[in-house]
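Here is a short tour of one helix and its surroundings, followed by a look at charged side chains. Please have the viewer at hand as you read.

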Amino acid sequence: MGRVAGELMHVAFPKGIYHKEFITPIIPGGYAAVGAAAFSGAVTHTISVSVIVFEMTGQITHIIPIMIAVLIANAIASLLQPSLYDSIILIKKLPYLPDLLPSSSGIYSVYVEDFMVRDVKFIWNNMSYHELKAVLKENRNLRSFPLVDNPANMILLGSIQRLELIKIIEKHIGRERRLQVVAQWQKEAQERAKEESEKRRKEEKLRRP
């Protein structure tokens, strides 16, 4: 649209616009840049589009018309519909921060202690397997647990996912780990039996005349 307006102005004023002793030539490309900046500003609801246009064109000759066009387009588009980014967020149903409420709203009188969870389920460093198993079994709906130093000082060290805890437990005392321990015990028992048999053989050899 900007290019069309520029071409029409160039046809209407082929030699430019006369103002006193000065002649201002009609440059259709300038109208195209102004139209593109206004369209982009209206779609995105941002003013920084004008700066991007200046950087792309490499000149600031049309800074005043571009800024005016972007401001007007942004103001009109803000009254009619949300920006492109807000529309994508609404279509995809992504979480986003809502608009700030006015200072007269009663929501500002609500404190964190009014809705916070006080009975927090947590785990600590020197926790036994029996205690950890009980916490996991009693809180199946929790996906993560806060990790503290100890129940006395409750210094938060971080958090760990429920699935990660289960993987760690399976790694240390799971079926595969138990089979490995049993195999290790059997191997050690066989080695001890072999050592004892060799020891008895040596003793028998020494007893023979």
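Leu163, Lys167 and Lys171 are exposed on one side of helix H7. The opposite story belongs to Arg162, Leu165 and Ile169, which are buried in H7. Looking down the axis of H7, you will find its buried residues within an arc of 60°, so they line one face of the helix. Do keep in mind that this is a predicted model.

What covers that buried set? Among the elements over the buried residues of H7 are strand S3 (123–124), H6, strand S4 (144–148) and strand S5 (156–161).

The length of H7 (residues 162–173) can be checked too: with twelve residues at 1.5 Å a residue, the helix should span 16 Å, and its end C-alpha atoms are 16 Å apart, which agrees.

Helix H6 covers residues 129–138 and contains lysine 133. From lysine 133 to leucine 165 the C-alpha to C-alpha distance is 10.0 Å, with the two 32 residues apart in sequence.

Now to the charges. How many salt bridges does a search of the whole structure find? It finds one. Its partners are aspartate 119 and lysine 121, whose closest N and O atoms are 3.5 Å apart. That distance qualifies because the cut-off for such a pair is 4 Å.

Here is how accessible three charged residues are:

| Residue | Relative accessible area | Class |
|---|---|---|
| Aspartate 119 | 57% | exposed |
| Lysine 121 | 31% | partly exposed |
| Lysine 133 | 46% | partly exposed |

Key:
Residues numbered from 1 in each chain as written. Predicted model: local features only at pLDDT ≥ 70, side-chain atom pairs only at ≥ 80, totals over all residues. Heavy atoms only, no water. Helix = DSSP H or I, 4+ residues; strand = E, 2+ residues; numbered from the N terminus. Buried < 20%, exposed > 50% of the residue type's maximum accessible area, 1.4 Å probe, protein only. Salt bridge = Lys/Arg side-chain N within 4 Å of Asp/Glu carboxyl O. Expected span 1.5 Å × (residues − 1). Arc of directions from axis to C-beta. Contact = heavy atoms within 4.5 Å.
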